[in-house]
Amino acid sequence: MATYYLEPSRTFSEFLLIPNLTTKACTPANVTLKTPLVKFKKGEEPAISLNIPFSSAVMQAVSDDGMAIALARCGGISFIFGSQSIEAEAEMVRKVKSYKAGFVVSRSNLTPNHTLSDVLALKEETGHSTVAITEDGTANGKLLGIVTGRDYRKSRDPLDRPISAFMTPFDKLIYGKSGVTLSEANNLIWDHKLNCLPIVDENQCLETLVFRKDYDEHKENPMELLDANKSYIVGAGINTKDYMERVPALVEAGVDILVIDSSDGYSEWQRETVQYVKQNFDVKIGAGNVVDREGFLYLVESGADFVKVGIGGGSICITREQKGIGRGQASSIIEVVAARDEYYKETGIYIPICSDGGIVHDYHVTLALAMGADFVMLGRYFARFDESPTRKLKVGNNFVKEYWGEGSNRARNWQRYDTGGKSKLVFEEGVDSYVPYAGSLQENLDKTLSKIKSTMCNCGSVTLDELKQNARIALVSATSLVEGGAHDVILKESSLSEES
C-alpha cells in the first residue's frame, strides 16, 4: 500500500512570522548574516562560510564567471553551470579565481624578443594590461622587465618594435622578495605609488604579482567571499554522467566547492558521484535535490557536505506538472530541517541545508532561514540583473532578460534528468521565458538584505542561529493573505513599492 502524507504540501506564502521582543540591540547594523556552507563538527568552524546566505542557481541563464565574481564580491557564492563543455566550465572557474587575489600567478607573459604586436594581441586575448617579461616567457621564469600601457603608444610605436626596447627593465623595478607578506607588499605599493608589485625569489625568478586595484576593491567591498589567498570563492555544478572527467578539470582550475545539479538527488548515481569525489579529491561537494527525511539522510550518509532541498518549486520548473513529482517548498524545508537537527544531536555533525526554489518575494528568503535553511539558491532573482549572462531585450514598453530552465529544450541539459536512459532530453521539465530587467545586482541585493535584517530585528534576532531558535511562525488563511496586501484603496505609483 502506498504511503500517504495527509498534511497539505505547504509553500512559503502560507506562513507569516510573528514578532518577538525587539531589544535595543536589535538594529540592522548589528545583524550578521554569516552562515555555514559546508558540514562541520560541533565546536569547530566550517571550512567555508558565506557572508550572506545567498547562492546563484546552477543555470546557463544565471551563473557564469561574471555572476560568480559579482556575487562573491557581495559575500555570496555562485555555482557555475555544468551544462557546457568541461573545458568551458573549467575556464570560467579559472577566470573567477584569477580575477582578484592577493598574490596572483601571472597569466600574461612574454619574452624580450616578442614585439608590441604580441603585447596587443595578448591584451586582447586576456584583458590584462600588465605583462610580465621573463627570460623564457613563462609565469615563473627569470624576470627581466614589466610592460604596462604606459610603456608604449599604439598610435606612434611600430608594431614590430621589440619588447626589449620599451619595457621597464628589472633594474628599474620596485619588487618584493619571496616570503613577503601581503600587508608588506601593499605597503610597498603605497609607498612607491605602484599599480603592480612583482614578487621574485633569490634567483630573480617571478613568483607572483600583487596589484593595487585588489587592495582598493577589498576596501570597497568588505563582505567579499575570499579564500586564504584572497581569491574569490567559486562553486561549480557537475552531473552524475561525466564526473570522472569533469571533476579533475574543475579541481585543477581551482574550484572551491562542487554541487551535483539534479532535479532528484535521492539516487544511487548521486551516492557514487559523491563517494568518487570524496575518495579522490580534497574538495567539498553538495548534493540534491531532496524533499524529505529519507532523501536527506541518504545523501548525508553518502558524504555530502551540504544538501539542497526542493523539487518543482522554481519559477521555470514544470517537474510537478510533467511528472507529478515534488513537494511544497515550506513542507520540504520543515521536514528536512527536523532530520538535520536530529542528526546533529546524535552525531555532533552539522549539515547545512540549501533551500532551492519556491522564493517569490524577499520575505520568503527570511522565512526559509527562520525555518532552518542555512542559505538559499535563487535563479529568477539573479537572472534579472546586469551581471547575468543573458540578453537584455525590450518587449513592448518594458525591458526584460531571457531566462530558461535547465530542463528546457534550450538548455538541453539531459544529464540533469537522465536516469540511465537515452542521451537526450525526451520531454521538458523547464520553460523558456523572460523576467523583468531589474538593474544591478548590488543595488537590488542591498535592498533585499535590508529587508531580511529589518525582519530579523522584528523577530528579536541579530544572527541566523538566533532566528532559527527564536522564530515564531504562523500558518495563514487565504483571507489573511488578501488582508496582508494593500486593499480597499487606490494606489499611487511608487518606485519603492516594487517587490523582487
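In the predicted model, strand E11 and strand E12 (residues 196-200) run parallel and are joined by two bridges. Within this pairing, Lys177 has Val200 of E12 as its bridge partner. The two strands belong to an open, three-stranded sheet with the order E11-E12-E13 and mixed pairing. Strand E11 (176-177) and strand E13 (206-211) form the edges, each pairing on one side only. Helix H4 (residues 182-191) packs on this sheet and touches E11, E12 and E13; the direction of H4 makes about 65° with that of E13.

Salt bridges, of which the structure holds 19, include several pairs that can be described individually. The side chains of Asp227 and Lys97 meet at 2.9 Å, N to O. Asp227 is located in the loop between helix H5 (212-220) and strand E14 (235-238), whereas Lys97 is part of helix H2 (residues 86-99), so this salt bridge ties together parts that are 130 residues apart in sequence. With a relative accessible area of 21%, Asp227 is partly exposed, while Lys97, at 12%, is buried.

A further salt bridge is formed by Lys451 and Asp362, whose closest N and O atoms are 2.9 Å apart. Here two helices are linked: Lys451 lies in helix H13 (residues 441-458) and Asp362 in helix H11 (residues 362-370), distant parts of the chain 89 residues apart. Lys451 counts as partly exposed at 29% relative accessibility; Asp362 is buried, with a relative accessible area of 3%.

Glu402 and Arg391 also form a salt bridge, with 2.9 Å between the closest N and O atoms. Because Glu402 belongs to strand E22 (residues 398-404) and Arg391 to the loop between helix H12 (380-383) and strand E21 (392-395), the pair ties together parts that are eleven residues apart in sequence. Glu402 is buried, its relative accessible area being 7%. In addition to these pairs, salt bridges link Glu91, Arg94, Arg107 and Glu252 in a network.

At the surface, Met1, Tyr4 and Leu6 make a nonpolar patch of about 530 Å². Of these residues, Tyr4 is found in the segment before strand E1 (15-18). Tyr4 has a relative accessibility of 60% and therefore counts as exposed, the cut-off for this class being over 50%.

Methods:
Residues are numbered from 1 along each chain as its sequence is written. This is a predicted model: local features need pLDDT of at least 70, side-chain atom pairs count only at pLDDT 80 or more; totals for chains, interfaces and linings use all residues. Side-chain values use heavy atoms; hydrogens and water are left out. Patches are made of residues with over 30% relative accessible area and no salt bridge: like charges are joined within 9 Å, nonpolar side chains (Val, Leu, Ile, Met, Phe, Trp, Tyr) within 5 Å. Accessible areas come from the Shrake-Rupley method with a 1.4 Å probe; for residues, only the protein chains shown count as cover. A salt bridge is a side-chain nitrogen of Lys or Arg within 4 Å of a carboxyl oxygen of Asp or Glu. Helices (H or I, at least four residues) and strands (E, at least two) are DSSP runs, numbered from the N terminus. Buried means under 20% relative accessible area, exposed over 50%, partly exposed in between (1.4 Å probe, protein chains only). Two strands pair if DSSP finds at least two bridges between them. Contact means heavy atoms within 4.5 Å. Axes are lines fitted to C-alpha atoms, for helices over the stretch in contact, and angles run from 0 to 180 degrees between N-to-C directions.
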